[in-house]
Structures are given as structure tokens and as C-alpha cells.
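Grab a pencil and work through these exercises with the structure open beside you. Try each task before you read the solution under it.

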Amino acid sequence: MHHTSELQDVINTVYQQFNSLDMAITGGAFIAINEENKKEINCWGAGGTADYVERVHLTYFDRPIYSGLIEGIKKGPGFFTEDFSHDEKIEFFNHLFQHPPYSDAPPKRKKEILAREGGYTRSCAVSKHTSVFIINHHGRKFSEEENNILVRFGKVFEQTYTRFLDLKKAEEQAREAQVELSLERIRAQVTAMSESAELLDIVVTMRKEFVSLGHEAHYFWYMRYLPGTYEKAMTSGDGTRIGMVMTLPRHIHGNIKLLADWEKSGEPTVVFPMDVETAVDYVHKMITLGDFKQVDPSAPTLDDIRHIGGLTFVMARTTYGEIGFSLPGTVPDPPKEDLDTLVRFAAVFDLAYRRFEDLKTAEQQNRETQIELALERVRAKTMAMQKSEELA
């Protein structure tokens, strides 16, 4: 393995090799990561013929046939085997068939499984990080040789997972270096700002850096919260420039409970998925109630929003307001990594906004100096008047 994504390939190989050894695994083989299994079971599972592998979630079932596996894994490294009656097996299957992914199984397949005679036998090899267990649906106990093979497979897969953890750590370190480099490029541009108007360039750069890290983002914006209004600047759809600059009334969000509650809370992020009707209504209000200083001629129309199936806003809090980005369609659960990166970008934007305020103050002071100097020239000319005709 050179990348953590290759773990699935190793798991596929485990199942293929189990199958090639003609073991009595009529109920499938499963691999679990121990830390993921506190009360409910998450694992990779394969059918009795090991011709497919899928990630499965087993919903909690308050019976020994379920809790026994959880408790066995919690005890730590070792081996255990369990036997259950036909009635216990049928009760367990009926529970599984009520929840995905087993609820989606064809009726014929469900009927076939419930018709199998015999009990339910399970053997499990537990290591520090992983557990491997095999099942027989006909009540046939696994032989000593089969259990020994299972234990040996468990040890080999534990070595694989240790390699996976090493790769994961290296990838996380490399990823952190990429994120920090992006943040440093933004900081450098902030430091180089010489005019307050360059704050808009920072928004464009942030969108560029965010996307370069592999995150999806369409429109990217910053919005300042004022007592009665929002000041908002938003990139174009391709992110190459600022497309919209506007002022919006505060009630445009105040009437949306999710956003109103978030603004009053201390939560760092919020996700606002909008179906077509909600998105069209929101954009219509923005168009009709907004005071636009700059308009993007290529901005999406209401029909465009209908075509993409709505909008999702993802926002992170800043000291003075928020930064955020949009996604097409309704995306209630964007990747956590996207949110984490946006929060870090928000902290850097605070630095940019402080620089903006300093430059704006300096520009106002400079402007005041220019005005005062102009007035002083007029006063001097006035004091030098010798005749009334000089008024002209």
C-alpha cells in the first residue's frame, strides 16, 4: 500500500483468499475497525461467496447475538466463538431486514435466508485495531483449523491496518502542509495590501486557494454585519473576479430561523441547504431588496437555479460577519474537511479585514489632510486680497 485509499483493495483480497480456502463461511466474512464500534457495528462485509464487498452499518439490537460481538471486541485482542439457536437467528435477521442495507435486499433473497435450517455460528479474531469475523448460517461450528486460519488472517490484516495508520498520518501531515501554504499565500497578499479596495482581491484569492485544495465551491463571498444591513461582496461563478457588491437588509436572514439563530450563537459554521422553491425565493428577495454597487452580468437566473435543483450556502463566522460559498443543489452534509478549512480561512480573513480597516482609516486621514490643505490655500488667498475685485 502506498495510499490509504488502497485499503479497500486489501480487504477485497482478504475475502478472495477466504473463499479460495473453501471455509464454511455461508453467512459471509466481515472486517471491523475496533474504534468505530462502540454500540453499533460498522464494518466491511462480503457474502458467502465473497464475490462483493461493501461497507455496512448494523443497527443496534438488544440481544446477545448482537451485543456479544460488541462485548467481545471491547475485551481486546484474542479469539472467541459463539453459537445461537435457529430462533435467535431468525429474530436477528428480521431485525436486519428492517434497516439498510439489508432492507433493500430482494424479497426472494430474504425468504431464502429465513428458510435456512440450523442456528447461527460466529468466530471472531480480535486484534488491537481490527477484528475479523466469519459466520455460518446453518449452525455448523467452524473447525479448529478454520479458526486457526481466521486468527492468522486477523494478524495479517492488523499489520495491514498498522501500515494504513502510518500512511494516514503521513497524508494528514502532507495535507496540513498544503493548507498552511495556502493560508500563507493569503497572509502574504494581506500584508502587501496598500489600498482598502484590495480587500476584494483577497476574496478572489481565498476562493482560488480553497478550490486548489480540492474543495468544491462555486460563488465565494464575505459579508459584514452592520446594525441594519449586510455589506456583501461575491465572486463571479468561475471565481476569477468580484462579480457582485451589494447592501442587503438584515431581515433577509432575520426571517430565516436557521440563519438568525446561527448569527446569535457562537457556532463557527452553518450549512443552509435550499430546495428549488426556497432558493428561488431567497434570490428573488436578494435581487429586489438589495442595493447593488456592482452587478455580475453572468449571474445565474432564477431558471438556472431551478435547473440545478436549488442552492446550498456554507458559511463560517468572522469577527465582523462571515465568509462563505455556495454549492448547486441541496447538500445538507458537505464534507467536514470543507468546513474545517473554511473556519481556518475565516481566521485569515479577520487579519485581512483588520488590515482593511487600518488602510481605510489611513485613507480617510489622508483625504482629510488633502481637504484641509485645499481649504488652507483658499484661506491664504483670501487673506492676500487687496481689492474687492479680487473676489473673482
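## Exercise 1: The sheet with seven strands

W221 stands opposite M234 in β8. Keep in mind that this is a predicted model.

**Task.** Find out how many bridges join β7 to β8, and in what order the strands of their sheet come.

*Solution.*
- Step 1: Start with the pair. β7 and β8 are joined by five bridges and run antiparallel.
- Step 2: Now widen the view. The sheet is open, has seven strands and follows the order β10-β12-β13-β7-β8-β9-β11, with antiparallel pairing.
- Step 3: Look at the ends of that order. β10 and β11 are the edge strands, and each of them pairs on one side only.
- Step 4: Check the twist. On average, and with direction ignored, neighbouring strands of this sheet are turned by 20° against each other.

## Exercise 2: A strand with company

**Task.** Which strands pair with β12, and how much of β12 is buried?

*Solution.*
- Step 1: Take β10. Six bridges connect it to β12, and the two run antiparallel. As an example, V270 has M315 in β12 as its bridge partner.
- Step 2: Take β13. It pairs with β12 in the antiparallel sense over seven bridges. M315 turns up again here, with G324 in β13 as its bridge partner.
- Step 3: See how the chain gets from β12 to β13. They form a hairpin, with three residues between them.
- Step 4: Count the buried residues. Six of the seven residues of β12 are buried, so the rest of the structure largely encloses this strand.

## Exercise 3: Helices on the sheet

**Task.** Which residues of α8 are buried, and what covers them?

*Solution.*
- Step 1: Go along α8, residues 257-264, and pick out the buried ones: L259, A260, W262 and E263.
- Step 2: Look down the helix axis. These residues fall within an arc of 165°, so they line one face of α8.
- Step 3: Turn to the other side of α8, where K257 and K264 are exposed.
- Step 4: Ask what sits over the buried residues. The cover includes the strands β7, β8, β10, β12 and β13, along with α7 (251-254).
- Step 5: Fit that to the sheet. α8 packs on the sheet and touches β7, β8, β10, β12 and β13, and its direction makes about 175° with that of β10.
- Step 6: Compare with another helix. α9 (residues 276-289) lies across β8, β9, β10, β11 and β12, and runs at about 105° to β10.

## Exercise 4: A residue in a loop

**Task.** Is D296 buried or exposed, and which side chain does it meet in a polar contact?

*Solution.*
- Step 1: Place it. D296 lies in the loop between β11 (291-294) and α10 (302-308).
- Step 2: Use the cut-off. Buried means under 20% relative accessible area, and D296 has 3% relative accessibility, so it counts as buried.
- Step 3: Find the partner. The side chains of D296 and R241 are joined by a polar contact of 3.3 Å.
- Step 4: List the company. Leaving aside neighbours within four places in sequence, D296 is in contact with Y219, S236, G237, R241, G243 and M244.

Now do the same for H137. This residue sits in the loop between β6 (130-136) and α5. With 7% relative accessibility, H137 counts as buried. Leaving aside neighbours within four places in sequence, its contacts include T26, K89, F93, R116 and Y120.

## Exercise 5: The sheet with six strands

**Task.** What is the strand order in this sheet, and which strands stand at its edges?

*Solution.*
- Step 1: Trace the order. Six strands form an open sheet, β3-β2-β1-β6-β5-β4, with antiparallel pairing.
- Step 2: Spot the edges. β3 and β4 each have a single partner strand, so one side of each is left without a neighbour in the sheet.
- Step 3: Zoom in on one pair. β4 and β5 pair in the antiparallel sense over seven bridges, and F84 stands opposite Y120 in β5.
- Step 4: Add the helix. α2 (residues 64-74) lies across β2, β3, β4, β5 and β6, running at about 175° to β4.

## Exercise 6: Two helices side by side

**Task.** How do α1 and α5 run relative to each other, and why?

*Solution.*
- Step 1: Take the geometry. The axes of α1 (residues 7-20) and α5 (residues 144-191) come within 11 Å and cross at roughly 170°.
- Step 2: Apply the cut-off. Angles over 145 degrees count as roughly antiparallel, so α1 and α5 are roughly antiparallel to each other.
- Step 3: Name some residues that make the contact. Among them are L7, V10 and F18 of α1, and L150, F153 and F164 of α5.

Definitions and conventions. Residues numbered from 1 in each chain as written. Predicted model: local features only at pLDDT ≥ 70, side-chain atom pairs only at ≥ 80, totals over all residues. Heavy atoms only, no water. Buried < 20%, exposed > 50% of the residue type's maximum accessible area, 1.4 Å probe, protein only. Helix = DSSP H or I, 4+ residues; strand = E, 2+ residues; numbered from the N terminus. Arc of directions from axis to C-beta. Contact = heavy atoms within 4.5 Å. Polar contact = N/O pair within 3.5 Å; in protein donor to acceptor, adjacent residues only side chain to side chain. Pairing = 2+ DSSP bridges. Axes fitted to C-alpha atoms, helices over the stretch in contact; angles between N-to-C directions. Parallel < 35°, antiparallel > 145°, perpendicular 65-115°, else oblique.
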